[in-house]
Structures are given as structure tokens and as C-alpha cells.
Amino acid sequence: MLKVNDLKVCYGAIQAIKGISLEVNEGEIVSLIGANGAGKTTILHTITGLKKAESGSVTLFDHNLLATQPHKIVSLGMAHVPEGRHIFAQLTVEENLEMGSYIRKDKAEIEADKQQVFQRFPRLKERRKQLAGTLSGGEQQMLAIGRALMSNPKILLLDEPSMGLSPLLVKEIFEIIKEVNQSGMTVLLVEQNAKMALSVASRAYVLETGKVVMQGNAQEMLQNDQVRKAYLGA
Ligand SMILES: Nc1ncnc2c1ncn2[C@@H]1O[C@H](COP(=O)(O)OP(=O)(O)O)[C@@H](O)[C@H]1O
Ligand SMILES: [Mg+2]
């Protein structure tokens, strides 16, 4: 479904991504884990067209994403929940969700999807008239995910959804990610929280300073001594 091949990305003279290849198949949760500064966000930004690549290729359903504008990438079926959420603080919860469906014209289905988001996130429904900036961190993360779902994507890219959340909320957010995946959504999940990210994923890639240093079955990686020492604090 999504294929990244030998991707290289630079900031000025600094190469942040040094030839990365990865793949996400339909129906999977694939996790990309690595420490702060490893290049996780840069990869997502390059996939979604926010950052230019130096070389390599990124394809979604055989479309060349490196030659596609960001808004067109959304209409190909890719939604991005950015690091730090970036919700519209001055708009209500409901208006934020509506912004997520801006590329769509199917009014009845948009409404149905909004009701589905409210069903999945009862707290957003209760607060639908509230300004998004007044939500708690966990609620803002739910809103960011809900807004992404409103574009009716085939693949969801999540950048550190657990960042800044209490352990209980982290658990809740990961439950939601699992449910969304079970309802048929493909997920590429970027996380510093390796333990949670590996526990929900089918496969994972470990990133260190712009390179993939390990990849494989997520459950096996949870048991791997090297991974446990470096990323799971064991
Ligand atoms: N806008 C930028 N300008 C210059 N360097 C950047 C910029 N954004 C990220 N970098 C550098 O690129 C590397 C990867 O960063 P990033 O993709 O944000 O990592 P991660 O998301 O894994 O924490 C880091 O060395 C970071 O300092
Ligand atoms: Mg990041």
C-alpha cells in the first residue's frame, strides 16, 4: 500500500534521513520507533509532501507521492495526525471535525462519519460546542485523530500520539488506535514510547539517526534483548 524506498532527506547540509526503506501493507499497524531526533517526524513530513526529499521514492497505491501536492495526497486516502496535534484552538470541536472533511463533497456520508467519530469519542460529543483550545491534552489528541478520520482515509499516519499524556490516557489512546485498525484502517505509527507502539503493531522498524537499524515482527522485537535494553528500559 505505502512503500518508501531508499529515501534521503536533508536540512541544509545535514542529512536527517540517510536512505530509509519501509513498507506498510493493507490492514497493518506498522510502528516506527526511535529516540528523539532519530528522524521519525521528518519521514512523515516527507511522505505527506510537507518536506522535500533529496532522493528515493515514496508510493501510495503506486502513486508517486514525491511528485504530488499535500492536498492531493489527502484525496488519495492518506491522513496525518501531526506531532503536537495542531488542532484549531479557536474553533469548536465540531468545527475542527468539519475541517477534517474539507476535501469531501458527500454531505450525508460526512455527517455519518461525524456521528461515528462521536460514537468512538463520547467525550468529543459532550464537548462538541466547546472551543478546542480549552480541551485537555488527551481530548485534543482524540480530536486530532477524529479530525483525521473525517477525511475518510485508507491509511492513517500518527506522529507521537502519546506525547505529554498520562499513562492512563496513553492506554486509552492506544486502545482507540487498535479499534480504528480493527475497523479496517491501515496505520503507520511513529512513537518514542516503544513499549506501547510495539504492543499494538504487527511489524516495526527501529530508527537511529536517520537509518533503520532493526526491523521485524513487533512481538518478537518486544522480546529482543537489544531492543529491551535500548528502548524498553529493561
Ligand atoms: N526544520 C529543521 N531544520 C533543521 N534540522 C531539523 C529540522 N527538523 C528536524 N531537524 C533535524 O533532523 C533530525 C531528525 O529530526 P526529527 O525528524 O524531528 O526526529 P524525531 O521526530 O525522530 O524526533 C534531527 O537531527 C533534527 O535536529
Ligand atoms: Mg518527532
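Helices here are DSSP runs of H or I with at least four residues, strands are DSSP runs of E with at least two, and both are numbered from the N terminus. With that in hand, K114 goes into helix α4 (residues 107-120).

This is a predicted model: local features need pLDDT of at least 70, side-chain atom pairs count only at pLDDT 80 or more, and totals for chains, interfaces and linings use all residues. Residues are numbered from 1 along each chain as its sequence is written, chains are lettered from A and ligands numbered from 1 in the order in which they are written, and side-chain values use heavy atoms, with hydrogens and water left out.

**Exercise 1. Find the protein donors of the magnesium ion (ligand 2) and place them in the chain.**

Step 1: Set the rule. Donors are N, O and S atoms within 2.8 Å of the metal (3.2 Å for Na, K and Ca); water is not among the atoms, so sites may look incomplete.

Step 2: Apply the rule. You get T41 through OG1 and E83 through OE, at 2.0 to 2.1 Å from the ion.

Step 3: Look at where they sit. T41 belongs to helix α1 (residues 40-47), while E83 is in the loop between β6 (78-81) and α3 (93-100), so the pair, 42 residues apart, links distant parts of the chain.

Step 4: Check the cover on E83. Buried means under 20% relative accessible area, exposed over 50%, and partly exposed in between (1.4 Å probe, protein chains only). E83 counts as partly exposed because its relative accessibility is 31%.

**Exercise 2. Work out what surrounds ligand 1.**

Step 1: List the shell, taking residues with a heavy atom within 4 Å of the molecule. That gives Y11, A16, A35, N36, G37, A38, G39, K40, T41 and T42.

Step 2: Sort by class. Ala, Val, Leu, Ile, Met, Phe, Trp, Tyr, Cys and Pro count as nonpolar, Asp, Glu, Lys and Arg as charged, and the others, Gly among them, as polar. The shell comes out as four nonpolar, five polar and one charged residues.

Step 3: Find the top contributor. That's α1, with three residues.

Step 4: Pick out polar contacts. These are pairs of N or O atoms within 3.5 Å; within protein, one must be able to donate a hydrogen and the other to accept it, and residues adjacent in sequence count only if both atoms are side-chain atoms. A backbone N or O atom of G37 sits 2.7 Å from an oxygen atom of ligand 1. For A38, a polar backbone atom is 3.2 Å from a ligand 1 oxygen. K40 uses a polar side-chain atom instead, 2.8 Å from an oxygen atom of ligand 1.

Step 5: Gauge the cover, using accessible areas from the Shrake-Rupley method with a 1.4 Å probe (for residues, only the protein chains shown count as cover). On its own, ligand 1 has 560 Å² of accessible area, and the protein covers 57% of that.

**Exercise 3. Is α1 mostly covered or mostly open, and what comes just after α1?**

Step 1: Count. Six of the eight residues of α1 are buried, so the helix is mostly covered by the cut-off above.

Step 2: Name them. They are K40, T42, I43, L44, T46 and I47.

Step 3: Move past the end. G49 has a positive phi of about 85°.

**Exercise 4. Describe the surroundings of E28.**

Step 1: Place the residue. E28 is in the loop between β2 (14-24) and β3 (29-33).

Step 2: Classify the residue. E28 is buried because its relative accessible area is 12%.

Step 3: Follow the side chain. The E28 side chain reaches the backbone nitrogen of N25 at 2.7 Å.

Step 4: Collect contacts (heavy atoms within 4.5 Å). Not counting residues up to four places away in sequence, E28 touches E23, N181, M185, T186, V187, S202 and R203.

**Exercise 5. Which residues does K114 contact, and which does L149 touch?**

Step 1: Start with K114. At 7% relative accessibility, K114 counts as buried. Leaving aside neighbours within four places in sequence, K114 is in contact with E94, L97, E98 and M150.

Step 2: Go on to L149 in helix α6. L149 is buried too, at 13%. Residues up to four places away in sequence aside, L149 touches V117, R120, F121, L156, V180 and M185.

Step 3: Add a spacing. L149 and L97 are 52 residues apart in sequence and 8.7 Å apart in space, C-alpha to C-alpha.
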